[in-house]
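Me: I'd like to go through this one and check why each label is used. Can we take it one piece at a time?

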Amino acid sequence: QVQLVESGGGLVQPGGSLRLACAASGSGVSINTMNWYRQAPGKERELVATITAGGITNYADSVKGRFTISRDNAKNTVFLQMNSLKAEDTAVYYCNADIWNRRRYRWDSSWGQGTQVTVSS
């Protein structure tokens, strides 16, 4: 079973930067769209950024111009570069990807375990 493993979260001051990474384990993995979501305390999970297999990206209005999503298809890894961080960016960030299930011949939506990002002085 393919697993998504996130890294790169932590504590950063307002205005600072962090880079999150999410790698899919296993060989011969086919991945379609990859996404970053986040969930702040007491709030619903929200979509932050999306990148298709072909590299087309889309962002939530709240992060446009500050966050950049990218991917390395050879390494089955997606990144989220976060600049000019604000206190309201504080949340648990989750990686999500559509992964091809060979046995069931379908795309399965898989989630990482989440990584905490805290923006505070």
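Me: Leaving aside neighbours within four places in sequence, which residues is Glu6 in contact with?

Reply: Keep in mind that this is a predicted model. Glu6, which sits in strand E1 (residues 4–7), is in contact with Ala21, Cys22, Trp36, Tyr93, Tyr94, Cys95, Gly112, Gln113, Gly114 and Thr115.

Me: Why is Glu6 called buried?

Reply: Buried means under 20% relative accessible area. Glu6 comes in at 6%, so it counts as buried.

Me: What makes the approach of the Glu6 side chain to the backbone nitrogen of Cys95 a polar contact?

Reply: The cut-off for a pair of N or O atoms is 3.5 Å. The Glu6 side chain reaches that nitrogen at 2.5 Å, so the pair is within the limit. Another one involves the backbone nitrogen of Gln113, 3.2 Å from a polar atom of the Glu6 side chain.

Me: Now Arg71. How do you know that it has no salt bridge?

Reply: A salt bridge needs a side-chain nitrogen of Lys or Arg within 4 Å of a carboxyl oxygen of Asp or Glu. For Arg71, the nearest side chain of opposite charge is Asp72, and that is 8.3 Å away, so there is no salt bridge, although Arg71 is buried.

Me: What polar partners does the Arg71 side chain have, then?

Reply: The side chains of Arg71 and Asn73 are joined by a polar contact of 2.6 Å. The backbone oxygen of Thr52 also lies 3.0 Å from a polar atom of the Arg71 side chain. Arg71 itself belongs to strand E7 (residues 67–72), and its contacts beyond four places in sequence include Ile31, Met34, Ile51 and Phe79.

Me: What makes E9 and E10 a pair of strands?

Reply: Pairing takes at least two bridges. Strand E9 (residues 91–101) and strand E10 (residues 106–111) are joined by 6, so they pair, and they run antiparallel. Trp100 stands opposite Trp107 in E10. The two strands form a hairpin with 4 residues between them, and Tyr105 in the turn has a positive phi of about 55°.

Me: How many helices and strands does the whole chain have?

Reply: There are 0 helices and 11 strands.

Me: And why does the radius of gyration agree with a compact globule?

Reply: With 121 residues, a compact globule would have a radius near 14 Å, and the chain has 14 Å, so the two agree. The C-alpha trace spans about 50 × 25 × 20 Å along its principal axes, and 42% of the residues count as buried.

Methods. Residues numbered from 1 in each chain as written. Predicted model: local features only at pLDDT ≥ 70, side-chain atom pairs only at ≥ 80, totals over all residues. Heavy atoms only, no water. Buried < 20%, exposed > 50% of the residue type's maximum accessible area, 1.4 Å probe, protein only. Lys, Arg positive; Asp, Glu negative; His and termini not counted. Polar contact = N/O pair within 3.5 Å; in protein donor to acceptor, adjacent residues only side chain to side chain. Contact = heavy atoms within 4.5 Å. Rg over C-alpha atoms; globule rule 2.2 N^0.38 Å.
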